[in-house]
Amino acid sequence: MARTGTGAGRVKGARRPEVRLPALEAYGGGEVEPDGDYDGVEFAGTDLTGQDGAGARFLDCALTGCALDGTRLSRARFLDSVLTGVRGVGTDLAGSTLRDVELVDARLGGTQVHGAVWERVLVRGGKIDYLNLRQARLRDVVFEGCVLVEPDFGGARLERVEFVDCALRAADFSAATLTDVDLRGATELGVAGGVDRLAGAVISSAQLLDLAPVLAAELGIRVEG
């Protein structure tokens, strides 16, 4: 499957993050702090439930098996970091920045990421329910081998975003802007809203057939017989 080039039917492929973590220092415990600065720290199995790390910076960090239920990380910055096996409901990442980040095998629900900026981010494996990415900006982002249930991209800007071997269920693209978005690799493609905003995306012929009822409804076409 071609992902680069300038010819018809081709899209510019996303640039994936290349994270190379240095030797890490184990987190010393206690609660994360608002506007805290964490450089080269490993959070292994840390319970961050209900803690407030709003505005904190995580550089060259690894978060592995951490609990993020109700954790406040609004405006936090994750740079050159890897989050593996994190889990939680109601995690607040509104207005956060993820740059050169890998999110692997996450189990998250109701995550608030509206107004966030993602650049060179790989989301691989896991399942994320009700991901709120409204008004977010995504550039060079790859969703691979994961399940996204009712993700909300309302008003978001997506540029060079790929969906590879992942299930996209009841996605909402209302008022979104898509540029070089490759949906052909999605194993499931369900669009609950904003089908009219898919200009700038590329889909397969099989996906077009699957979306035909939604497209007909959007255009006011009545199908009978």
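**Note on a predicted single-chain model**

1. Leu168 belongs to strand S13. The coordinates discussed here come from a predicted model. Leu168 counts as buried because its relative accessible area is 0%. Setting aside neighbours within four places in sequence, the residues in contact with Leu168 are Leu148, Pro151, Phe153, Phe163, Phe173, Leu183, Glu188, Leu189 and Gly190. The C-alpha atom of Leu168 is separated by 6.4 Å from that of Val149, although the two residues are 19 residues apart along the chain.

2. How confident is the prediction? The protein chain has an average pLDDT of 93, and 96% of the residues score at least 70. Residues 1-8 should be read with caution, as pLDDT stays under 50 there. For this segment the model has 15 contacts beyond four places in sequence.

3. Next, the overall form. The secondary structure of the protein chain consists of one helix and 16 strands. For 225 residues, a compact globule would have a radius of gyration near 17 Å, and the 18 Å of the protein chain agrees with this. The C-alpha trace spans about 65 × 35 × 25 Å along its principal axes. Buried residues account for 50% of the 225 residues. If one takes the contacts between residues at least 6 apart in sequence, 12% of them join residues at least 24 apart.

4. Which residues touch the most other members of the largest nonpolar core? They are Phe43, Phe78, Trp118, Leu138, Phe143, Phe163 and Phe173, in a core of 56 residues. Strand S8 (residues 97-109) supplies the largest share of this core, namely five residues.

5. Phe163, one of the core residues just named, merits a closer look. Beyond its neighbours within four places in sequence, Phe163 is in contact with Phe143, Leu148, Phe153, Leu168, Val181, Asp182, Leu183, Gly185 and Ala186. Leu168, the subject of the opening point, is thus one of the contacts of Phe163. Phe163 counts as buried because its relative accessibility is 0%.

6. The aromatic rings form a further topic. The count of aromatic pairs comes to ten. One of them joins Phe58 and Phe78 in a stacked arrangement, with 4.6 Å from centre to centre and 5° between the planes. This pair links distant parts of the chain, since Phe58 is in strand S4 (residues 57-59) and Phe78 in strand S6 (residues 77-84), 20 residues apart. Both Phe58 and Phe78 are buried.

7. Phe153 and Phe163 form an edge-to-face pair, with 6.4 Å from centre to centre and 90° between the planes. Phe153 lies in the loop between strand S11 (147-149) and strand S12 (157-164), whereas Phe163 lies in strand S12, so the pair ties together parts that are ten residues apart in sequence. Phe153 has a relative accessible area of 0% and is therefore buried.

8. Ring pairs also extend into a cluster, which links Tyr27, Tyr38, Phe43, Phe58 and Phe78. Phe43 and Phe78 were named above among the core residues that touch the most other members.

9. Where does helix H1 bend? A kink of about 50° lies at Leu211 in helix H1 (residues 205-219), shortly before the proline Pro213. Within H1, Gln207, Leu211 and Ala216 are buried. The buried residues of H1 pack against strand S14 (177-185) and strand S15 (188-193). After H1 comes Gly220, with a positive phi near 75°.

10. Two residues other than glycine should be checked for their backbone angles. Arg120 has a positive phi, near 50°, and lies in strand S9 (residues 117-129). Is Arg120 buried or exposed? Its relative accessibility is 18%, and the limit for a buried residue is under 20%, so Arg120 counts as buried.

11. Ala170 is the second case: its phi is positive, about 55°, although it is not a glycine. Ala170 is placed in strand S13 (residues 167-172), the strand that also holds Leu168. Ala170 counts as partly exposed because its relative accessibility is 33%, whereas Leu168 is buried at 0%.

Key: Residues are numbered from 1 along each chain as its sequence is written. This is a predicted model: local features need pLDDT of at least 70, side-chain atom pairs count only at pLDDT 80 or more; totals for chains, interfaces and linings use all residues. Side-chain values use heavy atoms; hydrogens and water are left out. pLDDT is the predictor's confidence in each residue, from 0 to 100. Contact means heavy atoms within 4.5 Å. Helices (H or I, at least four residues) and strands (E, at least two) are DSSP runs, numbered from the N terminus. Buried means under 20% relative accessible area, exposed over 50%, partly exposed in between (1.4 Å probe, protein chains only). A nonpolar core is a set of buried Ala, Val, Leu, Ile, Met, Phe, Trp, Tyr and Cys residues joined through side-chain atoms within 4.5 Å. Rings of Phe, Tyr and Trp (its six-membered ring) pair if their centres lie within 6.5 Å; planes under 30 degrees apart count as stacked, over 60 as edge-to-face and the rest as tilted. The bend at a residue is the angle between axes fitted to the seven residues ending there and the seven starting there. The radius of gyration is taken over C-alpha atoms; the globule rule is 2.2 Å times the number of residues to the power 0.38.
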